[in-house]
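Visitor: Please show me the structure, and then let us go through it by question and answer.

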Amino acid sequence: MRLPKFEYLVARSVAEVCDILAQHQGEAKVLAGGTDLLVAMKVRSVTPRYLVSLKAVPRLDAVVVVNDHLSLGPRLSLAAVASSQIIRETLPALAEAANAAAAPELRSAGTLGGNICLDNRCTYYNQSDVWRRNWEACFKCGGERCYIVKGGKQCYAVASADTVPALMVFDASVRLVSKDGERIVPLEQFYTGNGDVPNILHAAEMVSEILVPRPQPGWSSAFQKMARRKAIDFPLLDVAVALQLVDDICKSARIALSAVGPAPIRARGAERALIGKRLSSSIIEEAAVQASKEAGPLSAIGTTVAYRRQMINVQVRRTIERLAVAN
Amino acid sequence: MKHAIELKVNGESYDLVVESHRTLLEVLRETLGLTGTKEACDLGSCGACTVLIGGQPALSCLTLALEVEGKEITTIEGLAENGRLHPVQKAFVEKGAVQCGYCNPGMVLTSKALLDSNPKPTEQEVRQAISGHLCRCTGFVKVVEAVLAASEALIDAN
């Protein structure tokens with residue numbers, strides 16, 4: 001498969017990237033690792049006229065510890081996130097999540113920013129150009145129907161990024177910059193719930209920083225990925241849990257799920273089931289059952305809907321148990 | 001849009017004029033005639049296109065040639081010295097890890113990179129390292145045996 005033709009531009013600063021994105025009115029895209037973008041271009045899902053490379057923009061792949069938070073560069077490779085000593089010690093679930101993504105070579109090239117901005121996935125969308133031309137277009141292909149939810153009025157392509165639920169249990173935010181200024185958006189609000197346009201990033205914006213508050217003492221975290229194979233695959237289900245345990249009582253809880261719908265979700269009902277309680281197996285099971293009810297319509301791609309919902313229960317339970325046992 | 005770039009491959013320098021949309025895989029095979037690197041899935045999901053960039057395994061089908069100007073690129077052709085197979089290549093041959101041959105260039109380069117940074121890997125570490133590579137012929141058994149044998153051979157040689 002040949003890439004479509006485009007013009008290749010090299011920026012030397014974030015400001016220059018923003019100038020280029022603004023100048024080219026939605027026809028330019030940022031090139032970081034390219035592991036999602038170039039694939040999409042090969043199958044003609046996106047055909048930007050300009051790619052602006054980040055390779056010469058300095059200081060985009062640093063891990064900086066500030067007083068109360070960590071500042072992560074968007075061009076940090078997933079491999080670097082997985083192996084960073086600071087991230088492994090301070091944000092263990094994030095290191096686990098980055099290490100669970102894809103495969104070694106893809107993690108070396110793929111970036112944290114790219115994973116956060118990963119396009120949503122669906123069996124009816126992630127096909128070759130020729131395949132899609134022979135089906136009536138679904139919403140994500142510019143049509144008027146969804147093949148996942150019969151009679152569905154929106155796109156249900158699945159949010160498939162592994163690092164996102166881990167970032168969400170740490171209350172991470174992203175800094176979005178453009179020529180007109182910048183905004184800091186909590187990660188949970190970055191996603192739209194619409195599989196067709198999964199996040200709120202404007203065509204002239206780029207993610208310049210990921211901000212993660214440093215967890216207070218007493219917090220621990222874990223991440224669990226379920227996929228067909230042990231490598232390469234996108235998730236069938238991701239669970240991230242962060243708990244603050246004080247004297248064996250759960251003072252605070254964060255549970256986030258990915259690959260359960262068009263947006264990653266916090267399972268707030270499940271979190272409430274744990275707060276103020278000792279983590280007995282019945283309490284954990286209650287939270288796990290609650291979590292499985294909180295995901296919206298599930299796709300039957302690769303498995304049955306009933307199995308998928310049951311697996312939310314199982315994987316949430318296992319992940320909480322890992323933390324309960326460790327503490 | 002054409003760009004004049006210098007690519008360093010297997011210790012040699014090439015002055016090329018390359019269009020923006022050419023991947024490193026295409027330039028290696030079609031412009032430089034280095035067909036040892038294979039195109040299989042062309043989507044980053046199989047590892048057949050793997051080369052070493054700065055000694056690290058990378059997928060050349062998802063790398064623009066323009067992105068790697070100035071970097072040291074090693075293809076499978078760059079492994080043997082004066083016709084003598086690299087110990088990893090030798091182990092692959094001896095252990096029967098070469099069947100159709102298509103996964104081998106990628107497997108061998110990734111294995112070499114593994115042993116360069118971890119001379120005595122466990123079986124689990126070998127399997128992790130090659131987890132981005134698909135092999136339809138060997139069931140991966142022969143590949144793992146070859147890498148472990150190569151690790152012993154390299155340790156004995158040093």
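Visitor: Which residue of chain A forms a salt bridge with Glu19(B)?
Guide: A salt bridge here is a side-chain nitrogen of Lys or Arg within 4 Å of a carboxyl oxygen of Asp or Glu. For Glu19(B) the closest N and O atoms of such a pair are 3.4 Å apart, and the partner is Lys5(A). This is a predicted model, in which local features need pLDDT of at least 70 and side-chain atom pairs count only at pLDDT 80 or more, while totals for chains, interfaces and linings use all residues. Residues are numbered from 1 along each chain as its sequence is written, chains are lettered from A and ligands numbered from 1 in the order in which they are written, and side-chain values use heavy atoms, with hydrogens and water left out. The salt bridge of Glu19(B) is thus with Lys5(A).

Visitor: How many salt bridges are there between chain B and chain A?
Guide: The pair Glu19(B) and Lys5(A) is a salt bridge between these chains. The count between chain B and chain A is four.

Visitor: What area do chain B and chain A bury between them?
Guide: Buried area is the accessible area (1.4 Å probe) that two parts lose on being put together, summed over both. Of the area between these chains, 58% is on carbon and sulfur atoms, and the total is about 2,300 Å².

Visitor: Is His24(A) buried or exposed?
Guide: Buried means under 20% relative accessible area, exposed over 50%, and partly exposed in between (1.4 Å probe, protein chains only). Because its relative accessible area is 15%, His24(A) is buried.
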